[in-house]
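Here are some exercises to work through with the structure open beside you. Try each task before reading its solution.

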Amino acid sequence: MSGPTKSVRFREAIRMGMVEEMERDDRVYIVGEEVGHYQGAYKVTEGMLEKFGPKRVIDAPITESGFTGISIGAAMVGLRPIVEYMTWNFSAVAFDQILNNAAKMRQMSGGQLHVPIVFRAPNASAKQVGSQHSHAMEHFYAHVPGLKVVAPATCADAKGLMKTAIRDDDPVLYMESETLYNLKGDVPEDPEFTVPFGKASVARQGGDVTIVSWSRMVHVSLQAAEELAKEGLDVEVIDLRSLRPLDEEALVANVSKTHRAVVAYEGWPYGGVGAEVVDRIQRLAFDELDAPIERVTTLDYPMPYNAKLEQHVIPSAERVIEAVKRVAYRSA
Amino acid sequence: MSSMSAPKPAATEAPAADALDGSNGASHVGPASRVESLAVGPAVARHPGDTKAADVVKCLRDDSTLDPRTDPGLSSAEVIALYEAMLRTRVLDDRLVALQRQGRIGFHIGSLGEEASIIGSAFALRPQDWLFPCYREFGGALWRGMPLQRYVDNMFGNANDPAKGRQMPDHYCFRQAKVTSISSPIGTQITQAVGFAWAAKLKKDDLAAIVYFGEGATSSNEFHNGLNFAGVFKTPTIFFCRNNGWAISVPTERQTASRTFAEKAVAYGMPGVRVDGNDIFAVIKVTRDAVERAARGEGSTLIEAMTYRLSGHSTSDDPKAYRPDGTVDPWRAQDPMARLRRYLHKHHGWTDARDKELEASLDADLREAIKAAEATAGPSLESMFEDVFAEVPWHLAEQRDELVRGPRAKGHP
Ligand SMILES: Cc1ncc(C[n+]2csc(CCOP(=O)(O)OP(=O)(O)O)c2C)c(N)n1
Ligand SMILES: [Mg+2]
């Protein structure tokens, strides 16, 4: 990145993206539970009510399907809503609105109507919040044609992807992570800085094995890569950033270099974005592969509350390391 | 620079932010000017004087006498048992918040100020009735027979936790006491309770189901779905709405534009009643009436218990950020515990000494339970793989074995 930067936390980077776009375009508003007076359940919207007033920072009654449907309607008439869920888990009660209306309105109306809307919330595991609060929801949504799904891992991407999401004319689902909110990083101050969808980035360069990851798991993968470096394995870490559209080119190019890949992410192993990544690589770069691709996922089990048990269910650096060694045919 | 979409000039073709004026996107509130004032100042909370309205069922008067028209006719032993249950609840709240602050448990969501609503309504049930909790009803679950030790085990998520360490603290489930599982997504227990009661009616089981939820949950789909179905099918359900003034930081008047929550029942063809939720006698009276209606085959009732959340929403919340502490004082003066204690002093020879003694003994019970829970190991790794399906399928067995033994030497899972 070029130009002046500012060191901020992840939650501020998301906020910067929203605030800049709200200043730029007065069709943008944010609605959700606790976004106003409370300053956001995780303080992402801190100061926004004061800045933009209650017409554009709206505390909603407790009905996700309600304020999702209402915002889809508002988007159809030309506003550009940002819908915050307290967590992505609670979007489940609004799933029908997202699946059947946001995603399909353009197609169903023969292109007469469209829904420029951003849905955003913390996603996947937090610490000890049990099975109903720990879902990795990107897998459900990335399945749906008509939806775009992004999941930043760095502060700069958090800001840049948010701005692209707000400017996009289709529904975008923006996945945050409670465990990343305090992460610090430099973000460009340029109000025209955006991050394109469908472009992965290289979080770490290496020649032996590629780890494909996104969101919080990029950091876990980087940790694993540092450990593996000590054992002489040079690992490349790809941060997908955008899960749909997916950067096929980057996947093929990387695997053509390392010939081995591990996909590390939160979410259950049955289907999902990780399985999609594996499909693309094996189909498009079959001849480049020297080993079967492995996935490191959440165990195929609803998240337990107990901290010790939870540790085993969430994908860890240890499990990533084991998988990398397996695809490199190194014994543990 | 994004290649996906060229930036559009702001607000040329669009209705712009003016379209957000007044009711659009904020139809639950009054005129825009009022919204404005709510946004700058602290959110306005309900006034305790609201419970003085004529339609609100009351029993315990300020002079500690009971209104004979609504007196549920409790024995002295019953009143003292209720007081003990309320005090236990309060002692639990106090100690569990402290444990959370010390980092010994992860979370607590309490019932400070709502004890009369919760214990009174649980008391009014018959043994065969079922309780569908929201999340603040541990006092009711204990009253129904969930052992204190099991509740505290759930707070620690240990091997003796009836939910086997899988659920967050205060997400208990105790079938033996006819208490179902907490379900975190707001409102979702409401339709479950309706279905439960409806099926029981079809089976000719003589039981009713009471379902608890906050006033915030009346905005959820399931509230409307549940009441509508219950109205049409005359299910034996008691909808117990704890109107405690707040849904986290959102005050009642920004949740609904209805004058009361009880009046929502009218639209679904069932009676709705408001009760002073800090008056345990009145709560027992209206809940009993609702159980009796259900038992007579007349269907459901919506009860709005007018009470107040004296604490933060949960241990994750600091209410001072949106609710100046002073605004809580009028509600502290309506503390259901203090009101019942005054009544006990006047009519049952209760003394401060007995009060202290009772609190000390409840505290001792609790300390022991905490000690035992903390000393209990977590659930085994193997136990995690049970209860996903009726039988452990092969792939879960494989995951289990791998976790216990370590990964297979060759191949990939
Ligand atoms: C579907 C869903 N959305 C959001 C939440 C987060 N949440 C937990 S409690 C709560 C407020 C509930 O208020 P109310 O219904 O009045 O109950 P109270 O906490 O006051 O007892 C919210 C928004 C949730 N649990 N489920
Ligand atoms: Mg409430």
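**Exercise 1. Count the helices and strands in chain B, then find how much of the chain is buried.**

Keep in mind that this is a predicted model. Start with the secondary structure: chain B has 13 helices and 7 strands. Next, go through the 413 residues of chain B, and 49% come out as buried. Finally, take the contacts in chain B between residues at least 6 apart in sequence: 73% of them join residues at least 24 apart.

**Exercise 2. Find the residues that touch the most other members of the largest nonpolar core, and the helix that gives the most to it.**

The core holds 205 residues, and those touching the most other members are A:Ile211, A:Val262, A:Val320, A:Val324 and B:Ile303. As for the helix, look in chain B: H9 (residues 280-295) gives the most, with 9 residues. There's also a separate core of 7 residues, which includes A:Tyr301, A:Met303, A:Val313 and B:Met384.

Now zoom in on A:Val320. Skip its neighbours within four places in sequence, and its contacts include A:Ile211, A:Val262, A:Val220 and A:Pro315. A:Ser221 is one of the contacts of A:Val320 too. As a general backdrop, nonpolar side chains tend to be buried together in soluble globular proteins.

**Exercise 3. Work out which strands pair with E7 of chain A, and where its side chains point.**

Step one is the strand itself: E7 of chain A covers residues 172-176, and 5 of its 5 residues are buried. Step two is direction. A:Val172, A:Tyr174 and A:Glu176 point one way, A:Leu173 and A:Met175 point the other way, and all are buried.

Step three is partners. Strand E5 (residues 118-122) of chain A pairs with E7(A) in the parallel sense over 5 bridges, while strand E6 (residues 148-150) of chain A does so, also in the parallel sense, over 3 bridges. A:Tyr174 is a handy landmark here: A:Arg120 has it as bridge partner, and A:Val150 stands opposite it.

Last step: trace the connection. E6(A), helix H7 (residues 155-167) of chain A and E7(A) form a right-handed β-α-β unit.

**Exercise 4. Decide whether A:Ala158 is buried or exposed, and list what it touches.**

First, place it: A:Ala158 sits in helix H7 of chain A. Then count neighbours. The cut-off for buried is 20 or more other C-beta atoms within 10 Å. A:Ala158 has 31 C-beta neighbours inside 10 Å, so it counts as buried. Leaving out residues up to four places away in sequence, it touches A:Phe10, A:Ala13, A:Ile14, A:Gly17 and A:Pro152.

**Exercise 5. Sort the side chains of strand E8 of chain A by face, then find its partner.**

In E8 (residues 184-188) of chain A, put A:Gly185 and A:Val187 on one face; these are buried. A:Lys184, A:Asp186 and A:Pro188 go on the other face and are not buried. For the partner, look to strand E1 (residues 5-9) of chain A, which pairs with E8(A) in the antiparallel sense over 5 bridges. One of the bridges links A:Thr5 with A:Pro188.

**Exercise 6. Describe the surroundings of ligand 1.**

Begin with position: ligand 1 lies between chains A and B. Its shell has 22 residues, with A:Phe90, B:Ile186, B:Gly214, B:Gly216 and B:Ala247 the closest. Two elements give two or more residues to the shell, strand E2 (209-214) and strand E4 (246-247) of chain B. Sorted by character, the shell has 11 nonpolar, 5 polar and 6 charged residues.

Definitions and conventions
Residues are numbered from 1 along each chain as its sequence is written. Chains are lettered from A and ligands numbered from 1 in the order in which they are written. This is a predicted model: local features need pLDDT of at least 70, side-chain atom pairs count only at pLDDT 80 or more; totals for chains, interfaces and linings use all residues. A nonpolar core is a set of buried Ala, Val, Leu, Ile, Met, Phe, Trp, Tyr and Cys residues joined through C-beta atoms within 7 Å. A residue is buried if 20 or more other C-beta atoms lie within 10 Å of its own, exposed if 12 or fewer, and partly exposed in between; C-beta atoms are placed from the backbone. Helices (H or I, at least four residues) and strands (E, at least two) are DSSP runs, numbered from the N terminus. Two residues are in contact if their C-beta atoms, placed from the backbone, lie within 7 Å. Two strands pair if DSSP finds at least two bridges between them. A crossover is right-handed if, with the strands pointing away from the viewer, the path from the first strand over the helix to the second runs clockwise. A residue is near a molecule or strand if its C-beta atom, placed from the backbone, lies within 6 Å of it. Ala, Val, Leu, Ile, Met, Phe, Trp, Tyr, Cys and Pro count as nonpolar, Asp, Glu, Lys and Arg as charged, and the others, Gly among them, as polar.
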